[in-house]
Amino acid sequence: MTRVQRVNRFFLMLAAPVIGLMLCLLLFPPQPALLLNTDLYKTDKKLDPSSARLLQDLDTAEKKAKSTSASLKKTMNLYNRTTQTMSSIVQKASIQAQRPENIYDKRIRSKLGRPVETVDSEKIRIELFRVNAVTYKGYAMKVKLKDPSAMRMSLAGEALGSSETTLKAVQRHGAVAGINAGGFADQDGKRYPLSTTVMDGEYLTGFQSSFKELYFVGLNDSGKLIGGQFNRQNELDRLQPQFGASFVPILLKDGRKTAIPAKWKSAPKRAPRTIIGSYKDDQLIVFVIDGYNEAGGSGATLEEIQGQLYKIGVVNAYNLDGGGSSSLVMNGRVVNRPSDGILRPVPTSFLFFD
């Protein structure tokens with residue numbers, strides 16, 4: 001046996017046990033079994049009474065929450081349906097409520113004709129009409145105050161004794177329209193408002209009891225035209241005047257014609273006129289009648305204006321200062337034809353704002 005053979009034999013003998021072990025493992029693989037004692041880690045299936053009550057309460061609370069959520073969902077759906085229904089009812093009621101107003105407004109327009117100019121905003125609606133009677137011509141301005149602040153009275157120079165044209169007053173205050181207001185008296189080169197005059201709820205020269213045919217006309221806090229003759233201040237205070245001026249005479253009161261004093265029927269007989277009045281729905285109406293002078297030969301008589309206002313459904317009407325004082329300004333221009341050829345400076349003007 002050679003040396004190489006002896007070496008091979010030696011390693012073969014060393015490897016024989018390993019080969020035999022591997023064959024045994026391949027032919028007879030062992031079945032491993034893991035023996036663990038898990039009983040030590042098992043929990044008691046029974047909970048203590050307090051924990052059990054807590055779990056029960058949580059379960060009850062969950063059921064109630066689900067029930068409440070379902071109930072709230074139903075209530076919300078019902079609320080939404082109710083809200084939609086009420087909104088629809090309110091909308092229909094609003095439309096129905098406006099129908100009589102719209103019908104009445106159409107009746108007024110049918111008597112005045114087609115407006116030649118209109119201003120319509122959130123605060124005010126003004127419609128300007130031409131007045132073409134047989135014996136006189138002029139303009140009518142129908143005003144709906146959507147906001148009481150859309151009408152105010154201006155005092156020239158913001159001081160007693162001053163005067164300015166209505167156009168100047170409109171420009172100074174940024175108004176969209178304006179008319180001359182109350183009468184005045186001149187003294188020592190100054191022009192003072194006649195009798196009781198109210199600005200911003202305050203009496204400028206104190207209250208003066210009505211005498212002869214004088215009256216007071218203005219607006220109250222609600223934007224309604226108020227006016228009449230007042231012997232005591234508390235009579236006027238009850239109407240809560242916000243502003244107003246005085247002149248003569250009253251033409252219509254509560255839908256009835258009033259007696260026109262004989263003096264004002266003839267002095268002058270005809271003249272340019274400015275009249276302010278109101279309908280039963282509190283819309284205002286302004287008449288400004290043109291004339292070429294104050295001598296009595298042009299313009300309109302008070303009886304003519306009274307009759308026309310009565311026919312078109314005006315319930316209250318007050319004659320403002322006329323003649324050369326009559327002024328109608330709208331959208332930055334003088335609409336009427338002043339009898340003096342130019343506008344006369346006056347102490348007070350009624351202004352309208354959009």
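**Close-up views of a predicted model**

**View 1. The nonpolar cores.** In this predicted model, the largest nonpolar core has 61 residues, and Ile126, Met141, Phe287, Leu309 and Phe352 have the most contacts inside it. A nonpolar core here is a set of buried Ala, Val, Leu, Ile, Met, Phe, Trp, Tyr and Cys residues joined through side-chain atoms within 4.5 Å; buried means under 20% relative accessible area, exposed over 50%, and partly exposed in between (1.4 Å probe, protein chains only). Strand 16 (residues 284-289) supplies the largest share of this core, 6 residues. A second, separate core of 7 residues includes Ala169, Val329, Leu343 and Leu351. Residues are numbered from 1 along each chain as its sequence is written, and side-chain values use heavy atoms, with hydrogens and water left out. Local features need pLDDT of at least 70 and side-chain atom pairs count only at pLDDT 80 or more, while totals for chains, interfaces and linings use all residues.

**View 2. Around Met141.** Leaving aside residues up to four places away in sequence, Met141 touches a list of residues including Ile126, Leu128, Ala177, Ile179, Val286, Met330 and Phe352. Glu127 is also among them. Contact means heavy atoms within 4.5 Å.

**View 3. The open sheet.** Here 8 strands form an open sheet in the order 1-2-3-16-15-17-13-14, with antiparallel pairing. Strands (E, at least two residues) and helices (H or I, at least four) are DSSP runs numbered from the N terminus, and two strands pair if DSSP finds at least two bridges between them. Strand 1 (117-120) and strand 14 (256-257) stand at the edges with a single partner strand each, so one side of each has no neighbour in the sheet. Strand 13 (residues 250-253) meets strand 14 in the antiparallel sense over 2 bridges, and Lys253 has Arg256 of strand 14 as its bridge partner. Helix 6 (residues 302-311) packs on the sheet, and its direction makes about 20 degrees with that of strand 13; axes are lines fitted to C-alpha atoms, for helices over the stretch in contact, and angles run from 0 to 180 degrees between N-to-C directions.

**View 4. Strand 15, covered on both faces.** In strand 15, 6 of the 6 residues are buried, so this strand is largely enclosed by the rest of the structure. Arg273, Ile275 and Gly277 are buried on one side, and Thr274, Ile276 and Ser278 on the other. In a regular strand the side chains alternate between the two faces of the sheet. Strand 15 pairs with strand 16 in the antiparallel sense over 6 bridges, with Thr274 opposite Val288. The two strands form a hairpin with 5 residues between them, and Asp282 in the turn has a positive phi of about 75 degrees. Strand 15 is also joined to strand 17 by 5 bridges, again antiparallel, and Ile276 has Tyr318 as its bridge partner there.

**View 5. Aromatic rings and charges.** The count comes to 5 aromatic pairs, where rings of Phe, Tyr and Trp (its six-membered ring) pair if their centres lie within 6.5 Å; planes under 30 degrees apart count as stacked, over 60 as edge-to-face and the rest as tilted. Tyr203 and Phe207 are edge-to-face, at 6.2 Å centre to centre and 90 degrees between the planes. Tyr215 and Tyr318 have ring centres 5.2 Å apart and planes at 35 degrees, so this pair is tilted. Both Tyr215 and Tyr318 are buried. Look also for Arg152 over the face of Phe353, at 4.0 Å from the ring centre. A charge sits over a ring if NZ of Lys or CZ of Arg is within 6 Å of the ring centre and within 35 degrees of the ring normal.
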